[in-house]
Amino acid sequence: MINALNLQGLTNEEVQERLHKFGRNQIVEETLNPIKVFLSKFWGPIPCLLEITLLLQLVLGKTVDALIIMAMLIVNAVISYSSERRAQNSLAALQQRLTIQARTLRDGDWQLIAAQELVPDDIVRLRVGDIVPADALLMDGHIAVDQSMLTGESELVEVQSNGIVYAASVIRRGEGIARISATGMQTSYSQTAKLVQTAKTLNHGDVFVQKIVTNLLMLTLVLAGFVLIYALAAQLALTDALLFTLALLIAAIPVSLPVTFTLATAIGSRELARNGVLATRLAAIKEAAGMDVLCSDKTGTITTNQLRVVATHTYNSYSKHKLLRLAALASDEATHDPLDLAILQAAREAKRRYRAAKRVQFTPFDPATKRTEAVIHKINIEDKEKKRKKEKGGKRRIRVIKGLPQIINNLTQDKFDITPDVDRLTADGNRCLAIAAGKDDKSLRMVGLLALQDPPRKDAAEVVERLHELGIRVIMVTGDGAATAQGIAHEVGIDGEACTAEEMNKDIEAAVKDCNIFARVYPEDKFKLVQALQQAGHIVGMTGDGINDAPAIRQAQVGVAVNNATDITKSAASLVLTDSGLKDMLAAVEVGRSIFQRITTYTLNKIIKTFHMGLFLTCGLILTGTLIAQPTHILLVVLANDLVSMSLTTDRVRPSAKPDRWRVRPLVISGAILALAWLAFSFMAYFYGRDVLQLDSAQLQTLVFLMLVYISQANVYIVRERRHLWSSRPSPWMLLATAFDLILVGILAVGGILMTAISPLILLQLLAATVIFTCILDLLKSAIFRYFHMN
């Protein structure tokens, strides 16, 4: 072949010239400066609020408080940066993919060259099993390539001389010599990479946080403005007014909210890892809670990506065993053709041992004739009438052909009307082959038909049913034809209309509303489908295994790569399943919904505390004319509350039965109502200490400090359970955090550390009153949650 083409390949000088002109054969990824990424963690609603507070602390000479706030900022930034850094490799596998070696002709010699070093006009040899390293023009030979990782179509593509083979395709049959036509970012493969780079997804959790922070900030600004006006009118010291404003800011800022979100998802990722799911982007775990649409690739995800013989039909009194035996003799395992491998496997499963036979000639599938041929010896294929006339097992030369039904039927002497049988076997999208045998062309007789299918995974139907029960719409997306797609979809329980890519692009809004099956789609179509679903208000999950799935997976809020996915697909995904099939997606959904419940609890607790503390301090200033709590005490309350609040990330929760949504309004309203109840209790406790216990102003500030800590602890246990607070047992870490807080603040209050000491008896009285009021308030909470459908 080489001599006939008289090829010499490129010289070293020509290679260097092309490398300089076209670059290396790899995908270029835009990299971000790690320092800039880290510094960006100090920019945002919550960091900016903390930084303003820090500056005010420094201006007022509160150095210790300023250092505490600075430590909070740094800890938040480090945790956030380290978590996200591990997930910033979405395109790194594109460069690693091309570390394969290519058999390349240079300076007249065949050499093994790293695929990254290939340049246009390089001559390469392609053999069975090779991954095509770049777009190339086939100069000589005949090959069959598997492009399923590019297009999603499971059918092999035949390529002859002057045909194009694309990067990332796999050679399944044949051998050839090809000239590289495009490398790196010039390949057709690079278009998929560009889609991955441009894919952006909206993080609903971040939007939720911004809304919450905005509501809390607005309340704080209103209260602060009112206090400043009151202070000027009442001729209070400006310093005291500024200190009070500072205390309100400290109380209002959800300092640990970003850290709690990160911790909750990090703990969830470890739980997912135990269930065979690896999280590469932590935000996707939260998004899984609200996912209401799951788009799943067919080949390799819902199906096994391995063809199997699913039905047979025989003619001329041949048995099923003999049909499979003859089909197997006309197949060759060395070709790696999926059709041949499926037939050979079916023959082995049907009968362990067959009568000895020797194949003396084999002609692989020829696209021109649309058939495979084999010549064999020592096999009895006569029908029953001839068996009685000839000696059983006699040595014979038999010709077997395998190929498209109508073509094979036209070559036989029978000329059966096989159309009804073919239509029946292909009704569900199966592929159909015909087998014929005889001594020569004049004696060829039809043996039978084989129906082959890439069957669904054993657990696919069960997983789809469970996803439907969880309120998730399942959409199947494939590059195969509509008939094949509908057949598989119906088998696993995905019902609804089927749309082709052409129909989808004509009216994409109607398609995403009405169709649950999308056929003949390409990477850009999958990408558009995910975008359209997102624009329609859905939180979308996308699963797949091929390169063609990567852009859509990256665009989806929950991008999932199955265990046999390519490296680029796994890197583009936010979740990677380590076991076959989709069954582990159920764990991802349940863990995500559990995390949602924990974060909702934390957020609601923060809302109640901010409303309560802001109103209590403001009203207390108006009623008493003095600051009823020191800013340092407020900071200690925040720290104590954040400790137990962050332990909520370990709490025992019940995942919801339907997709969750981040709803600000119900949280804010229910939080305000509960905050008003705590406000009433706070003033009762304050006036009881002032008027009944006759505590002085310094002791009252200590009492207020204890009361605020006790309320913050009690409030966590009220809101953690959507039913009554005694319906479930808190996690050990929550109980430990609460015990630590109560013991520590008790030591500070009784010992007079950073505050004026009070009697242990007063501490116990306040604690008992808080517990009693907590039980009463839990009844009100249950009613509110039922009204807002939060239980």
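Reader: Which strands does helix H20 lie across, and at what angle does H20 run to S18?

Author: This is a predicted model, and in it H20 (residues 482–492) lies across S16 (473–477), S17 and S18 (515–519). H20 runs at about 135° to S18. Roughly antiparallel would take an angle over 145, and roughly perpendicular stops at 115, so about 135° counts as oblique.

Reader: And which strands does H26 lie across?

Author: Helix H26 (residues 583–624) lies across S8, S9 (293–297), S20 (558–561) and S21. H26 runs at about 145° to S21.

Reader: What makes S8 and S17 the edge strands?

Author: S8 (277–279) and S17 (497–500) each pair on one side only. The order of this open sheet of eight strands is S8-S21-S20-S19-S9-S16-S18-S17, and the pairing is mixed. From one strand to the next, the twist averages 20°.

Reader: How do you know that S8 and S21 pair?

Author: Count the bridges. Pairing takes at least two, and S8 and S21 (residues 575–577) have three, so they count as a pair. Their sense is antiparallel. In S21, Leu 575 is the bridge partner of Ala 279.

Reader: Why is H28 called roughly antiparallel to H29?

Author: H28 and H29 pack at about 150°, with 11 Å between their axes. The cut-off is over 145 degrees, and about 150° passes it, which makes H28 roughly antiparallel to H29. The crossing of the two is right-handed. Residues of H28 that meet H29 include Trp 678, Phe 681 and Tyr 686, while Leu 703, Met 707 and Ile 711 are among those on the H29 side.

Reader: Which residues have the most contacts inside the largest nonpolar core?

Author: That core has 67 residues, and those with the most contacts inside it are Phe 616, Leu 617, Ile 634, Trp 678, Leu 706, Met 707 and Leu 708. To belong, a residue must be buried, so each of these has under 20% relative accessible area. H29 gives the largest share, 13 residues. Elements giving two or more residues also include H9 (204–233), H10 (238–252) and H26.

Reader: What is Leu 617 in contact with, leaving aside neighbours within four places in sequence?

Author: Leu 617 touches Phe 244, Leu 248, Ile 628, Ala 629 and Ile 634. Contact asks for heavy atoms within 4.5 Å, so each of those five residues has an atom that close to Leu 617.

Reader: Which residues are in the other core, the one of 58 residues?

Author: Among them are Ala 289, Val 558, Leu 575 and Tyr 717, and this core lies apart from the largest one. In soluble globular proteins, nonpolar side chains tend to be buried together.

Methods: Residues are numbered from 1 along each chain as its sequence is written. This is a predicted model: local features need pLDDT of at least 70, side-chain atom pairs count only at pLDDT 80 or more; totals for chains, interfaces and linings use all residues. Side-chain values use heavy atoms; hydrogens and water are left out. Helices (H or I, at least four residues) and strands (E, at least two) are DSSP runs, numbered from the N terminus. Axes are lines fitted to C-alpha atoms, for helices over the stretch in contact, and angles run from 0 to 180 degrees between N-to-C directions. A nonpolar core is a set of buried Ala, Val, Leu, Ile, Met, Phe, Trp, Tyr and Cys residues joined through side-chain atoms within 4.5 Å. Buried means under 20% relative accessible area, exposed over 50%, partly exposed in between (1.4 Å probe, protein chains only). Angles under 35 degrees count as roughly parallel, over 145 as roughly antiparallel, 65 to 115 as roughly perpendicular and the rest as oblique. A crossing is left-handed if the near helix is turned anticlockwise from the far one by less than a right angle, and right-handed if clockwise.
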